[in-house]
Amino acid sequence: MLNTTPLARFFVLCSLIALTSSASAGTGSRLYNELLDNDGFYEAGGWQGYVERIGTKLLRHTNAGNRKFYFFVVDSPAVNAFATPDAYIFVNRGLLIFLESEDQLAAVIAHEIGHVVAEHGKKQKGTELLGKVAGITAMLMTGRGEMMDVSNATAKTIIAGYGREMELEADQIGAEIVASAGYNPLAIIEALQVLKDQSLFAKEVRGQPATYHGLFATHPQNDKRLHDIVSFAIGSLPEDLIAPIDNFWGLMDGLKFGSEAMTGMLSQHVFFDKTARVVIEFPTSWYVRYNQQQVTGEAKGGADVAWAAITRHTPDGKIVPKDFVRDTLKRTELENEQNVDLGNGRPAYIAELKLADSNRFSLLAVVQLGADVYTVRGEVGPKGDEEQFQQDFMSILRGIRDMRPSDIQQDTTTKIKVIVAKPGQTYQELANMTPIRSNAVQTLRLLNGDYPRGEPRAGDYIKIIQ
C-alpha cells in the first residue's frame with residue numbers, strides 16, 4: 001500500500017536493472033536467485049517452457065555464438081519485459097495477457113535478445129542509486145516503495161530507460177531474428193500497439209501517467225525508421241511456412257489475471273494480503289476493491305449508505321494508538337475516544353471524527369497486528385443508518401486477522417477464459433460475464449486489442465476474465 005502505481009513501480013525496477021548493470025556483473029543471475037527465493041516466477045500453464053522454446057528457436061538466428069541465454073516468466077502484473085547484460089531475459093505475466101499471437105511474443109523476446117547482443121546494458125551509463133539487486137527485488141516482491149529513495153527528477157530519468165537509438169537498434173536486430181525464424185516481423189509494430197494502448201488506457205481511464213519503460217518506449221508506432229526496419233526484415237522470411245511452437249490460445253486459456261496479483265487477491269468481500277499474510281474481511285453484503293494505497297469497502301447501496309477504508313502502516317517499534325493518530329496521522333478532531341476488545345484479547349482504538357466540513361457520523365480506528373498497524377476510517381452516507389454502520393464497522397475491525405492455512409489454500413485467482421465471438425456480440429455483453437466491477441467494457445477492449453472503441457468480430461478468439 002504505497003504511493004506509486006504497480007506499473008510505474010515495475011518500470012522503475014526494470015530501468016534500475018539496466019542502469020546498475022555496468023557497475024555490478026551478474027545482475028540477472030542474482031535477480032533470478034532473489035525471484036526464486038520469493039516465488040517470483042509464473043510456472044503454471046506451460047508458459048515457462050513455451051517462452052524458453054521460443055527463445056531457443058530465435059537464438060539459432062543470431063550471432064550470439066555459444067553464449068548462454070536464460071528465459072523466464074515473472075509472476076508480475078506489470079506490462080513489460082526486460083533483459084540483463086548477462087543474458088537473462090524476463091517476460092512478465094502481465095504482458096503475456098495482452099498479446100494476441102506467438103509472433104507477438106517472439107517479437108518481444110527478440111527485442112530483448114537484441115539489447116543483449118548489442119550490449120546496451122554495458123553502454124548505458126551506470127548509477128549507484130540502488131546498488132544491490134536484493135533491494136530491487138524486495139521492492140518488486142513486497143510492493144514497499146520506501147525501499148527506494150529517489151527524487152522525482154531522478155525517477156523520471158530512470159523510467160526513460162534506453163535511448164531512442166538503442167531501442168531502434170534492438171528493433172532492427174529483433175526484426176531480423178523473428179523474420180529469419182519464420183515469424184512475421186510486423187508483429188513488432190503490433191506489440192508496440194499493445195503498449196501504446198496500455199499508455200492511453202492508463203491516462204484516459206485510470207488517470208495515471210501515460211508512461212512506460214523499455215520495450216519500444218522511445219519511438220512512436222508510426223516511426224518511419226521502425227517501419228523501414230520491419231519492411232527490410234520481411235525479405236528475410238523463409239519461403240516455407242513455419243509451424244508455431246505451441247497452441248498460443250490454448251495456453252492463454254487459464255492464464256492468471258490480476259492487476260495486483262503479487263500483493264493481494266480479492267474474493268468477493270474478503271481481501272487476502274499475500275505479502276503481509278493478513279486477511280481483511282468486510283460484511284458479506286459490502287462491495288470491496290483495493291489498490292496499492294488501501295482497501296476500500298462500500299455497503300450495499302454504495303457510499304451513500306456507508307463506506308470504510310483500511311490502510312496498512314509499518315512503524316518503527318511499538319506505538320500508542322492515541323499518539324499515532326495525533327502525531328503520525330495528524331488527526332486531532334477526535335471525540336469519544338475508547339479502547340475496545342475485538343475478542344481473544346485483541347485491542348483496538350476507536351474515536352469519532354468531528355469534521356468541520358461534514359456533519360456525517362464518522363469513525364477512525366487503529367488495529368495492531370504483529371509489526372503492522374491498520375487504520376480504519378469509515379463514514380455513514382446520507383442514506384445510511386448510524387446503528388447499522390457501527391455494527392458493520394466493528395465487524396470490519398474484527399475481520400482484520402492473520403492468514404489461516406485454509407486462507408492460503410484458497411484459490412482466489414481470476415483467470416483468462418478464451419471464447420469464440422458470436423455474431424453481434426459486444427464487449428458490453430461480455431462484461432456481464434466477468435467479475436470486473438470497474439471499467440469492465442474498456443478493460444475487455446484493452447485485453448483484446450480493441451481499445452478504445454472496437455467490438456468483437458464473429459469467429460475471433462476473445463479473452464474474458466473469470
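**Helix packing and a three-stranded sheet**

In this predicted model, the axes of helix H10 (residues 187-204) and helix H11 (residues 224-234) come within 9 Å and cross at roughly 140 degrees. The residues that make this contact are Ile188, Ile189 and Leu192 on the side of H10, together with Leu226, His227 and Val230 on the side of H11. When these residues are sorted by class, the contact of H10 with H11 is found to contain 5 nonpolar residues and 1 polar residue, whereas no charged residues take part. In general, two packed helices are described by the angle between their axes and the distance between the axes.

Elsewhere in the chain, 3 strands form an open sheet in which the order is S1-S3-S2 and the pairing is mixed. Strand S1 (70-74) and strand S2 (81-83) are the edge strands, each of them pairing on one side only. Averaged over the sheet, neighbouring strands are turned by 15 degrees against each other, when direction is ignored. Strand S3 (residues 88-92) pairs with S1 in the parallel sense, and 5 bridges are found between these two strands; within this pairing, Phe71 has Ile89 of S3 as its bridge partner.

Helices are also placed against the sheet. Helix H2 (residues 27-37) lies across S1, S2 and S3, and runs at about 45 degrees to S3. Helix H3 (residues 47-59) packs on the sheet as well, where H3 touches S1 and S3, and the direction of H3 makes about 145 degrees with that of S1.

Note on methods. Residues numbered from 1 in each chain as written. Predicted model: local features only at pLDDT ≥ 70, side-chain atom pairs only at ≥ 80, totals over all residues. Heavy atoms only, no water. Pairing = 2+ DSSP bridges. Helix = DSSP H or I, 4+ residues; strand = E, 2+ residues; numbered from the N terminus. Axes fitted to C-alpha atoms, helices over the stretch in contact; angles between N-to-C directions. Contact = heavy atoms within 4.5 Å. Nonpolar A, V, L, I, M, F, W, Y, C, P; charged D, E, K, R; others polar.
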